[in-house]
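Me: I've got this one open and want to check the labels people put on it. Can we go through them?

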Amino acid sequence: MTKKNLKERLDKGPVICAEGFLFEIEKRGYMSSGEFVPMVSLEHPEALENLHRDFQHAGSDIVQAFTYNGHREKMRVIGKEELLEPLNRAALQIAKDVAISPLGEEQNLMAGNISNSNIWNQNDQKSQLEVEKMFREMVGWAVDESADILIGETFYYAEEAYTALKVMKETKLPSVITIAPYGENIMRDGISILDTCKELEQLGGDVVGMNCHRGPNTMMPYLKEIRKAIKCHVAGLPITYRTTNNHPTFFNLPDNNGCSFHSPHETTFPTALDPMQCNRYEIGQFAKEAYSLGINYLGVCCGATPMLIREVAEAVGLKVPASKYRENMENHYMFGKNKRIPKHIKDYRNKA
Ligand SMILES: [Zn+2]
């Protein structure tokens with residue numbers, strides 16, 4: 001079975017990557033929100049495999065191992081450090097199994113994954129060395145388990161992203177690196193979004209861009225600048241919520257849709273974001289615009305569902321297995337135009 005590498009695929013056209021495992025696995029009932037530890041690879045491997053297969057069916061070319069937050073520090077917080085390596089290896093093996101049994105002619109690419117550590121401190125070298133060690137052990141397991149590429153994602157400190165890329169590059173595997181600045185629209189160590197991306201290109205990132213935290217509206221302006229400023233391939237994977245200039249990320253997004261009973265937590269994040277969800281057409285429009293700008297690595301992050309991944313894929317001209325089940329309102333019992341539908345039912349549509 002043939003398998004093109006990441007660059008060959010990107011040079012040819014769009015490459016789709018489903019992210020957002022944390023939110024979707026939580027919604028499916030296999031993870032605690034807030035705590036967000038990806039124990040699912042050990043506790044319910046079948047649920048994780050199912051989600052990978054659903055994303056694959058919807059057109060994801062990359063099968064990203066679900067090891068987000070599955071790092072030593074998080075496991076220490078919950079007192080399960082001894083499960084760190086088994087958790088990582090299980091997630092990688094599940095992703096590999098899916099990637100090597102594709103629905104089409106070509107195998108998918110399995111991606112090992114590292115991400116924001118949440119202990120990085122720009123003024124504390126000890127924390128930085130600890131993070132580097134965490135990255136190195138996870139990347140090592142990814143190489144052991146035959147990852148085709150590595151993804152470093154959701155970094156909000158520029159220097160942490162540089163460190164992640166440095167560790168990823170040691171393996172010689174193709175490296176995707178994406179940042180996720182907070183609402184101040186600057187990295188937490190004071191480096192601009194654009195300068196961070198330029199530096200990531202200089203450091204050898206094969207694909208550089210943004211993921212998570214921001215919806216299409218507040219990510220697109222930066223993607224446009226990044227696309228102009230760098231030469232390598234660019235990635236854009238927004239969350240699927242309607243963020244605004246006043247609330248550029250989902251962390252402080254207010255409910256503007258007639259909420260009658262608020263979340264018991266400080267914010268709508270992460271358990272009451274549902275009413276601010278983008279519809280599929282908004283996500284499709286994002287993907288279409290991004291692709292027209294020359295951004296070939298596309299997907300969505302938190303809030304991703306297989307339906308939205310299909311939307312991204314179709315918006316950039318791809319036909320995927322799930323395209324078979326694309327909407328067909330023609331045969332709807334009331335809103336359809338099919339002439340076999342009784343007239344008295346169709347005529348009632350405005351009163352429905
Ligand atoms: Zn995300």
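Me: Which residues have the most contacts inside the largest nonpolar core?
Reply: This is a predicted model, to begin with. Phe66, Ile179 and Phe250 have the most contacts inside that core, which has 93 residues. Another core, of 14 residues, lies apart from it, with Leu6, Cys17, Val176 and Val207 among its members.

Me: What makes a residue a contact of Phe250?
Reply: Heavy atoms within 4.5 Å. Leaving aside neighbours within four places in sequence, that brings in residues including Phe23, His213, Phe269, Cys212 and Cys302.

Me: What makes Cys212, Cys301 and Cys302 donors of the zinc ion?
Reply: The cut-off for this metal is 2.8 Å, and the SG atoms of Cys212, Cys301 and Cys302 sit at 2.1 to 2.3 Å, so they count as donors. Their spacing in sequence is C-x88-C-C. Cys212 is in the loop between β6 and α10, and Cys302 in the loop between β8 and α12, so the pair ties together parts 90 residues apart in sequence. Cys212 and Cys302 are both buried.

Me: How do you know that the span of helix α7 agrees with its 20 residues?
Reply: At 1.5 Å a residue, α7 (residues 125-144) should span 28 Å; the end C-alpha atoms are 29 Å apart, so that agrees.

Me: Why is the pair at the start of α7, Asp124 and Lys126, called a polar contact?
Reply: The limit is 3.5 Å for N or O atoms. A side-chain oxygen of Asp124 comes to within 3.0 Å of the backbone nitrogen of Lys126, so the pair qualifies.

Me: What do the buried residues of α7 pack against?
Reply: α5, α6, β3, β4 and α8. Among those buried residues are Phe135, Met138 and Trp141.

How values were computed: Residues are numbered from 1 along each chain as its sequence is written. This is a predicted model: local features need pLDDT of at least 70, side-chain atom pairs count only at pLDDT 80 or more; totals for chains, interfaces and linings use all residues. Side-chain values use heavy atoms; hydrogens and water are left out. Donors are N, O and S atoms within 2.8 Å of the metal (3.2 Å for Na, K and Ca); water is not among the atoms, so sites may look incomplete. Helices (H or I, at least four residues) and strands (E, at least two) are DSSP runs, numbered from the N terminus. Buried means under 20% relative accessible area, exposed over 50%, partly exposed in between (1.4 Å probe, protein chains only). The expected span of a helix is 1.5 Å times one less than its number of residues. A polar contact is a pair of N or O atoms within 3.5 Å; within protein, one must be able to donate a hydrogen and the other to accept it, and residues adjacent in sequence count only if both atoms are side-chain atoms. A nonpolar core is a set of buried Ala, Val, Leu, Ile, Met, Phe, Trp, Tyr and Cys residues joined through side-chain atoms within 4.5 Å.
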